[in-house]
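Visitor: I would like to go through this model and ask what each label rests on. Please show it to me.

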Amino acid sequence: MKADLHTHTWYSPDGMTPPSLLIRVAKRKGLRVVAITDHNRLTIVRSEDVILVPGEEVMTTRGEIIGLGITEEIPPGLDPFETADLIEEQGGVVVIPHPFDWFRRRTALFLNGVDMNRFHVVEVLNARYVDYTPLVRAYTYAKEKALPMVGSSDAHTPWEVGVAYTLLPDDIDDVYDVLIALRKGLCKPFGHLSPPLVHIFSPLMRIFHKWGLFKPHSAPSSVKNR
Ligand SMILES: [Zn+2]
Ligand SMILES: [Zn+2]
């Protein structure tokens, strides 16, 4: 089954998709599993249509880390290993997004000298790569270290959802099964890159959010205010 394990809603400062729309698009595109991984924020929504994996893309002192299957928000600005520990303490899976992307040098963990050896999964395909160079490097690295690989859209707009995705075993019923499959490496990256045009949206969305033009008015039920 198809999973998109890295997506953003309008609760990210550069995202434009309401969670309900994200889920609708995912369903239409045949995705059975979706992880919402907003920046430094745990966005929890519920859906009958897809298996929603709670997640967060956390900024550490040396780049970004994704925690999947977490229940409590993880603060940004910690050391990458400390961040990974917090994810693991919650039973989550640690995914390293776009580790070799020169375009996002500040957030690409490996380029900042962090060895990904002790993390669980490498996102080798990120649909927001501007070319395939980081994919080849990440693939080679993950292969060499025998680390599980995933592919994700990193969608900040509805059009990007599912452009790249991960194939998981068909007998997955819930979040727990997804996490087990990832840990076991029963996952495979597929898909392609989004058109470079998508990069225009992130700075635009940041401005819109700042002007209050595009602000979601009510926060979704998160674990904190459950
Ligand atoms: Zn990122
Ligand atoms: Zn992202």
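Visitor: What is the order of the strands in the open sheet, and how are they paired?

Guide: The order is β7-β6-β5-β4-β3-β2-β1-β8-β9, an open sheet of 9 strands with mixed pairing. This is a predicted model, in which local features need pLDDT of at least 70, side-chain atom pairs count only at pLDDT 80 or more, and totals for chains, interfaces and linings use all residues. Residues are numbered from 1 along each chain as its sequence is written, while chains are lettered from A and ligands numbered from 1 in the order in which they are written. Strands (E, at least two residues) and helices (H or I, at least four) are DSSP runs, numbered from the N terminus.

Visitor: What makes β7 and β9 edge strands?

Guide: Two strands pair if DSSP finds at least two bridges between them. By that rule β7 (149-152) and β9 (188-191) each have a single partner strand, so one side of each has no neighbour in the sheet. The twist from one strand to the next averages 35°.

Visitor: How do you know that β1 and β8 are paired?

Guide: 2 bridges join β1 (residues 2-7) to β8 (residues 164-167), and at least two are required. These two strands run antiparallel. Lys2 has Leu167 in β8 as its bridge partner.

Visitor: Why is the pairing called mixed, and which strands around β5 show it?

Guide: Strands of a sheet pair through backbone hydrogen bonds, either parallel or antiparallel. β4 and β5 are antiparallel over 3 bridges, with Leu68 opposite Val93 in β5. β5 and β6 run parallel and are joined by 2 bridges, with Ile96 opposite Val122 in β6.

Visitor: What is said of the two faces of β5?

Guide: Both are covered: Val93 and Val95 on one side, and Val94 and Ile96 on the other, are all buried. A residue is buried if 20 or more other C-beta atoms lie within 10 Å of its own, exposed if 12 or fewer, and partly exposed in between, with C-beta atoms placed from the backbone.

Visitor: Why is Asp154 called buried?

Guide: Asp154 has 26 C-beta neighbours inside 10 Å, and the threshold is 20 or more; Asp154 therefore counts as buried. Asp154 lies in the loop between β7 and β8. Its phi is near 55°, a positive value in a residue other than glycine. Most residues other than glycine have a negative phi, and most peptide bonds are trans.

Visitor: What makes Asn40 partly exposed?

Guide: Asn40 has 16 other C-beta atoms within 10 Å, and partly exposed is the class in between 12 and 20. Asn40 sits in the loop between β2 and β3 and also has a positive phi, about 50°, although it is not a glycine.

Visitor: Why is Pro196 called exposed?

Guide: Its count is 12 other C-beta atoms within 10 Å, and 12 or fewer is the criterion. Pro196 belongs to the loop between β9 and α5. Pro196 and Arg128 are 68 residues apart in sequence and 7.5 Å apart in space, C-alpha to C-alpha.

Visitor: What counts as a nonpolar core, and which residues touch the most other members of the largest one?

Guide: A nonpolar core is a set of buried Ala, Val, Leu, Ile, Met, Phe, Trp, Tyr and Cys residues joined through C-beta atoms within 7 Å. The largest has 56 residues, of which Val33, Val34, Val53, Val95, Val122 and Val178 touch the most other members. Strand β2 (residues 31-36) gives the most to this core, with 5 residues. Contact means C-beta atoms, placed from the backbone, within 7 Å. Leaving aside neighbours within four places in sequence, the contacts of Val33 include Met1, Ile51, Leu168 and Val178.

Visitor: How do you know that the buried residues of α4 line one face?

Guide: In helix α4 (residues 175-184) the buried residues are Val178, Ala181 and Leu182. Down the axis of α4 they fall within an arc of 100°, so they line one face. The arc is that of the directions from the helix axis to the C-beta atoms. Their cover includes β1, β2, β3, β5 and β6 (121-126).

Visitor: What span should helix α5 have?

Guide: The expected span is 1.5 Å times one less than the number of residues. For the 14 residues of α5 (residues 198-211) that gives 20 Å, and the end C-alpha atoms are 21 Å apart, which agrees. Just after α5, Gly212 takes a positive phi of about 75°.

Key:
Contact = placed C-beta atoms within 7 Å. Axes fitted to C-alpha atoms, helices over the stretch in contact; angles between N-to-C directions.
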